[in-house]
Amino acid sequence: MAEKLINIRKVSDIFPEYMDTPISRLLEYHNLERPFESHTQAELLIGMCMDNRNHLRIPGHFAFIIRAGGANLRYSEFKVSFAISVGGVKHIALIGHSNCGMVNLSSRRDQFVDGLVKNAGWEVEKAEEHFLNYAPLFEIGNEIDFILSETLRMRDRYPAVLIAPMLYRVEDHRLYLIRE
Ligand SMILES: [Zn+2]
């Protein structure tokens, strides 16, 4: 799995198809400490997980960001369409991350139910039903394969948009391109 990850340590590590696009600018801002430029409008849509360990170094106004468990945009399609149509973005970075809580979600059932009961004041039965109804929609197999399959799905849906699959490693807080 790890051999699919390309660490971006210098500009020439970025795949040629992404050079001089908002995709390469994202990688340069985050990994290579490119000085922030002033952006007057969004150039990029970023889809990433809600996980609090993911933090991007990017300038203001540069990107729309949709955060959802597992960077799963299947239930955010209207927002994606809005960013493209009204927001005018032609590039999307899909960023999964290591150690994502949406992997092996079914193993967290008891923790989820107990937590809703304790922290939100739910009845056990209602919490169990909630988990059973929604966990299958959000569970992912593994982070890299999920992002690659999402990339294909999104390219099919938005064929004129350039979509780049990436992984954020929470171990070193760097972005990696995923080799397809
Ligand atoms: Zn996650």
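1. The zinc site. In this predicted model, the zinc ion has as its protein donors the SG atom of Cys49, the NE2 atom of His97 and the SG atom of Cys100, which lie 2.0 to 2.3 Å from the ion. Along the sequence these donor residues follow the spacing C-x47-H-x2-C. The two cysteines bring together distant parts of the chain, since cysteine 49 sits in the loop between strand 2 and strand 3, cysteine 100 sits in the loop between strand 4 and helix 3, and the pair is 51 residues apart.

2. The sheet. The model has an open sheet formed by 6 strands, and if you trace them across the sheet you meet them in the order 1-6-5-4-2-3, with pairing that is mixed. At the edges are strand 1 (5-7) and strand 3 (63-67), each of which pairs on one side only. From one strand to the next, the twist averages 30 degrees.

3. One pair of strands in detail. Within this sheet, strand 4, which covers residues 91-97, and strand 5, which covers residues 162-169, run in the parallel sense and are joined over 7 bridges. To find one place where the two meet, look at leucine 94, whose bridge partner in strand 5 is proline 165.

4. The helices on the sheet. Helix 5 (residues 143-157) packs on the sheet and touches strand 1, strand 4, strand 5 and strand 6 (174-178), while its direction makes an angle of about 165 degrees with that of strand 5. Helix 2 (residues 77-85) lies across strand 2 (44-48), strand 3 and strand 4, and it runs at about 175 degrees to strand 3.

5. The cavity. The count of cavities of 30 Å³ or more comes to 1, and the largest cavity has a volume of about 30 Å³. Its lining consists of Cys49, Gly70, Ala71, Gly96, His97, Cys100, Ile140, Glu143, Phe146 and Ile147, and a reader who recalls the first point will recognise Cys49, His97 and Cys100 as the donors of the zinc ion. Strand 4 and helix 5 are the elements that give two or more residues to this lining, and helix 5 gives the most, with 3 residues. Sorted by class, the lining of the largest cavity has 6 nonpolar, 3 polar and 1 charged residues.

6. The pocket. The largest pocket, with a volume of about 430 Å³, is lined by 17 residues, and those that lie nearest its centre are Met50, Gly101, Met102, Leu105 and Phe112. Helix 3 (109-120) and helix 4 (124-138) each supply at least two residues of this lining, with the largest share, 5 residues, coming from helix 4. By class, the residues lining the largest pocket divide into 10 nonpolar, 5 polar and 2 charged.

7. A residue to look up. Which residues does isoleucine 58 touch, when residues up to four places away in sequence are not counted? Isoleucine 58, which is found in the loop between strand 2 and strand 3, touches Leu26, Tyr29, Phe36, Ile46, Ala63 and Ile65. For a sense of scale, isoleucine 58 can also be set beside aspartate 110, from which it is separated by 52 residues in sequence and by 37 Å in space, taken C-alpha to C-alpha.

Notes
Residues are numbered from 1 along each chain as its sequence is written. This is a predicted model: local features need pLDDT of at least 70, side-chain atom pairs count only at pLDDT 80 or more; totals for chains, interfaces and linings use all residues. Side-chain values use heavy atoms; hydrogens and water are left out. On a 1 Å grid over the protein atoms alone, a cavity is a set of points where a 1.4 Å probe fits but cannot get out, and a pocket is an open set with protein on both sides within 12 Å along at least five of seven lines; lining residues have an atom within 4 Å of a point. Grid points are joined across faces, edges and corners, and a volume is the space filled by probe spheres set on the points. Helices (H or I, at least four residues) and strands (E, at least two) are DSSP runs, numbered from the N terminus. Ala, Val, Leu, Ile, Met, Phe, Trp, Tyr, Cys and Pro count as nonpolar, Asp, Glu, Lys and Arg as charged, and the others, Gly among them, as polar. Two strands pair if DSSP finds at least two bridges between them. Axes are lines fitted to C-alpha atoms, for helices over the stretch in contact, and angles run from 0 to 180 degrees between N-to-C directions. Contact means heavy atoms within 4.5 Å. Donors are N, O and S atoms within 2.8 Å of the metal (3.2 Å for Na, K and Ca); water is not among the atoms, so sites may look incomplete.
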